[in-house]
Amino acid sequence: MSKHTSGPWHASQYLDDDRWGVISSDNQVIVRIPLQGVGLRKEDATLIASAPDLLAAAEAAVYCLSPLVSEESLAGQWKPVDKLYRQLTTAIAQAKGER
């Protein structure tokens, strides 16, 4: 599977209406809605545009949490950390198309 277009991404308004799209920093189109389409709302476009930053933050958090979960979770004392770690690794795998 190929990697995603590198960030940062930005929400971009089409013309003068309420339709939004998402472009990369080098002006590659990430999400474009045809003129006949309804388009994205600004809130959805900005959420999609934040995807590369959210993925990087999740990967950094997993890196920081790894030592805490690799030691058998200190005999179960770190259940909230274990749960967070599993949520993050699942989300990362989904974002990368691995699930």
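The following legends describe close-up views of a predicted model.

**Figure 1. Overall order of helices and strands in the predicted model.** The protein contains four helices and three strands, and, read from the N terminus, these elements follow one another as β-β-β-α-α-α-α. Of its 99 residues, 21% count as buried. When contacts between residues at least 6 apart in sequence are considered, 29% of them join residues that are at least 24 apart.

**Figure 2. Helix α4 and its buried side.** Helix α4 comprises the 17 residues 79-95, for which a rise of 1.5 Å a residue leads to an expected span of 24 Å, and the C-alpha atoms at its two ends are indeed 24 Å apart, so expectation and model agree. Its buried residues are Val81, Asp82, Leu88, Ile92 and Ala93. Because these residues cover an arc of only 130° around the axis, they lie on the same side of α4. The face turned away from that buried side carries Lys79, Pro80 and Ala95, which are exposed. After the helix comes glycine 97, whose phi is positive, near 75°.

**Figure 3. The largest nonpolar core, with α2 and α4 as contributors.** Eight residues make up this core, namely Leu55, Ala58, Val62, Leu65, Val69, Val81, Leu88 and Ile92. The elements that supply two or more residues to it are α2 and α4, and α2 gives the most, with five residues. Isoleucine 92, one of the core residues, is in contact with Leu55, Ala58, Glu59 and Val62 once its neighbours within four places in sequence are left aside. Separate from this core is a second one of six residues, among them Trp20, Leu40, Ala45 and Ala49.

**Figure 4. The salt bridge between lysine 96 and glutamate 59.** Side chains of opposite charge can pair when their charged atoms come close. The structure holds one salt bridge, in which the side chains of lysine 96 and glutamate 59 meet at 2.8 Å, taken from N to O. This pair links distant parts of the chain, since lysine 96 belongs to the segment after α4 while glutamate 59 belongs to helix α2 (residues 51-70), and the two are 37 residues apart. Lysine 96 has a relative accessible area of 33%, so this residue counts as partly exposed. Glutamate 59, at 32% relative accessibility, is likewise classed as partly exposed. Glutamate 59 also appears among the contacts of isoleucine 92, a residue of the largest nonpolar core.

**Figure 5. Serine 24 in strand β2 and its surroundings.** Serine 24 is located in strand β2, which spans residues 20-24, and its relative accessibility of 1% means that serine 24 counts as buried, the limit being under 20%. Its side chain is joined to that of aspartate 26 by a polar contact of 2.4 Å. Leaving out neighbours within four places in sequence, the residues in contact with serine 24 are Thr5, Ser6, Pro8, Trp9 and Ile30.

**Figure 6. Asparagine 27 in the loop between β2 and β3.** This view shows the loop that precedes strand β3 (29-31) and follows β2, in which asparagine 27 lies. Although asparagine 27 is not a glycine, its phi is positive, about 65°. With a relative accessible area of 59%, asparagine 27 lies over the 50% limit and is therefore exposed.

How values were computed:
Residues are numbered from 1 along each chain as its sequence is written. This is a predicted model: local features need pLDDT of at least 70, side-chain atom pairs count only at pLDDT 80 or more; totals for chains, interfaces and linings use all residues. Side-chain values use heavy atoms; hydrogens and water are left out. The expected span of a helix is 1.5 Å times one less than its number of residues. Buried means under 20% relative accessible area, exposed over 50%, partly exposed in between (1.4 Å probe, protein chains only). The arc is that of the directions from the helix axis to the C-beta atoms. A salt bridge is a side-chain nitrogen of Lys or Arg within 4 Å of a carboxyl oxygen of Asp or Glu. A polar contact is a pair of N or O atoms within 3.5 Å; within protein, one must be able to donate a hydrogen and the other to accept it, and residues adjacent in sequence count only if both atoms are side-chain atoms. Contact means heavy atoms within 4.5 Å. A nonpolar core is a set of buried Ala, Val, Leu, Ile, Met, Phe, Trp, Tyr and Cys residues joined through side-chain atoms within 4.5 Å.
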